[in-house]
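Visitor: Could you show me how to read burial, surface patches and cores in a structure, taking one feature at a time?

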Amino acid sequence: EGDWQPLLNEADDGYDTIDWVASQPWNDGQVGMIGESYFALTQWAAASRFHTALRCIAPGCMGVDLYRLMYEGGALTLNTAGTWVCDQLHRRFINFLRFDPWTLPLKDYPARAGYPGALFDQAIEHPDRDETWAPYDLSAILEKLDIPAFHWTGWHDCFLPASLETWAGVQRRNIYDTVRANQWLCIGPADHELTTEKTGTAGRHELAGQGITNDRIQAFFDHWLRPESDGFGKTPRVRCYVIGADRWREADDWPLPGTRFTEYYLRAHGPVGDAGEAGPETGAVPGGEAGPGLLSPEAPGDEAPDAFTYNPVRPVDHWVGKPVWSAARHLSDRRQLVSRPDVLGYVTPPLAQPLEIVGPLEATLYVSTSAPDTDFTVTLVDIWPDGYTQLVQEGIRRLRYRDGDGEHAGPPAAPGAVYELRVSMAASGYEFAAGHRLGVEVSSSAFDRWDRNLNTGHPLGQDAEIALAHQTVHHDGERPSHIVLPLAPI
């Protein structure tokens with residue numbers, strides 16, 4: 001009975017469900033909860049009511065705050081949460097093929113598909129965090145959680161940032177020493193649909209050692225819900241898989257203690273082929289017509305900036321037609337994509353030995369634009385000796401959300417002014433093989449993973465018109481644009 005409203009009644013309903021289960025003759029008075037995606041949110045909601053029978057939870061691939069699922073770096077997660085909220089209001093499966101990501105104005109996106117949705121309307125009308133989002137924010141539970149939790153996610157999960165924020169939130173904010181100590185984090189190679197557990201691959205990489213997440217969750221439940229366990233409580237609290245190396249790293253904290261956070265700087269462009277042996281005939285080097293720049297641990301000196309023009313009519317549209325929910329299934333060769341004139345590429349020389357990264361990824365760009373508002377994207381890629389190029393991780397930052405926590409818009413950009421822009425790329429566990437090169441792509445779109453910025457500076461979703469943005473990326477001694485790589489502990 002009652003009216004279906006996504007998220008809003010899950011705490012009370014969860015409490016009632018636990019109460020019913022605990023009262024059954026086949027139950028010993030203990031309850032554990034497991035689930036991924038929305039069924040992780042229901043666990044956090046139920047835990048916020050502190051039923052005494054709830055002894056542990058295992059939430060997967062999810063955070064505790066709808067706003068943080070809807071927006072990343074100020075951009076709407078159109079392919080995933082932006083469409084999901086349209087689905088949730090209809091209580092039945094909907095035809096996702098009816099959604100056209102190219103719809104303008106964007107506010108008409110669900111209605112034109114035949115699925116008008118109040119939550120989508122809310123997201124368009126309230127792109128800043130305000131009181132509208134408060135009922136959809138469960139983050140208060142991070143401070144008062146009183147039971148163990150097994151947090152699990154994957155490097156290619158669209159909600160990886162939210163899962164990591166939830167883990168970190170408990171570690172920083174929880175008032176109980178024993179609760180902080182009894183949190184586990186497992187990061188596999190998977191995406192939101194756990195496709196790697198079905199395919200055994202992520203792009204070109206075989207994942208023979210990935211295992212099945214549910215096996216580790218069962219050990220967690222055995223430890224907390226049964227009188228005997230196989231010593232799970234003594235295992236390292238953090239376990240993360242390294243793609244490319246086909247092995248796991250373990251530690252008691254995240255980021256891994258001993259991680260060497262190292263700046264790799266964007267350096268000057270030159271003729272195609274200057275940054276390595278591969279030339280344009282292989283299509284192996286990103287950077288458009290200007291050729292590749294250098295990606296180097298050595299800081300730049302006096303270097304000229306790089307520039308490109310972003311046209312929202314022709315965004316970088318790799319994700320259109322591919323569900324980001326199953327991103328690991330779509331890690332195809334993107335060498336042609338990175339040769340576009342609106343993508344700047346920076347590459348290392350071929351590696352003399354393997355390079356392993358495990359941990360958070362962030363880039364700092366010093367940028368200017370002709371538009372009052374625009375986006376900048378950063379993508380880390382792995383370039384094989386034959387030119388095959390595979391995505392490792394990517395992120396976006398909307399320029400008007402450049403300051404503070406990125407949840408409140410600032411003033412329009414001043415034409416030609418230089419801004420420091422931090423672009424989160426979530427995190428990764430990845431080994432670049434000897435002979436491979438690391439590549440960084442800088443552009444202004446990754447459509448339709450995120451909505452495209454129309455460069456007008458008008459309220460989100462209202463525009464049917466677009467404007468060109470002439471973008472500049474600076475990388476000199478005073479404005480050293482760079483990416484920070486989490487080199488794995490030795």
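Visitor: Is Ile466 buried, partly exposed or exposed?

Guide: In this predicted model, Ile466 counts as partly exposed because its relative accessible area is 32%, and partly exposed covers the range between under 20% and over 50%. Ile466 sits in the loop between strand 19 (437-443) and strand 20 (469-474).

Visitor: Which residues form a nonpolar patch on the surface with Ile466?

Guide: Ile466 joins Val313 and Leu468 in that patch, and together the three have about 230 Å² of accessible area.

Visitor: Is Pro312 buried or exposed?

Guide: Pro312 has a relative accessible area of 0%, so it is buried, although its place is in a loop, the one between strand 13 (306-310) and strand 14 (344-347). Leaving aside residues up to four places away in sequence, Pro312 touches Arg452, Asn453, Leu454, Asn455, Ile466 and Ala467.

Visitor: What should I look for when I turn to the nonpolar cores?

Guide: In soluble globular proteins, nonpolar side chains tend to be buried together. Here the largest nonpolar core has 73 residues, of which Phe150, Trp254, Leu380, Phe432, Val473, Ile483 and Leu485 touch the most other members. Strand 18 (residues 419-432) gives the most to this core, with eight residues. Apart from it lies another core, of 37 residues, which includes Val85, Ala123, Phe159 and Phe447.

Visitor: Which residues of helix 6 are buried, and what do they pack against?

Guide: In helix 6 (residues 118-125) the buried residues are Leu119, Phe120, Gln122, Ala123 and Ile124, and they pack against several elements, including helix 3 (66-70), helix 4 (78-88) and helix 5 (109-113).

Note on methods: Residues are numbered from 1 along each chain as its sequence is written. This is a predicted model: local features need pLDDT of at least 70, side-chain atom pairs count only at pLDDT 80 or more; totals for chains, interfaces and linings use all residues. Side-chain values use heavy atoms; hydrogens and water are left out. Helices (H or I, at least four residues) and strands (E, at least two) are DSSP runs, numbered from the N terminus. Buried means under 20% relative accessible area, exposed over 50%, partly exposed in between (1.4 Å probe, protein chains only). Contact means heavy atoms within 4.5 Å. Patches are made of residues with over 30% relative accessible area and no salt bridge: like charges are joined within 9 Å, nonpolar side chains (Val, Leu, Ile, Met, Phe, Trp, Tyr) within 5 Å. Accessible areas come from the Shrake-Rupley method with a 1.4 Å probe; for residues, only the protein chains shown count as cover. A salt bridge is a side-chain nitrogen of Lys or Arg within 4 Å of a carboxyl oxygen of Asp or Glu. A nonpolar core is a set of buried Ala, Val, Leu, Ile, Met, Phe, Trp, Tyr and Cys residues joined through side-chain atoms within 4.5 Å.
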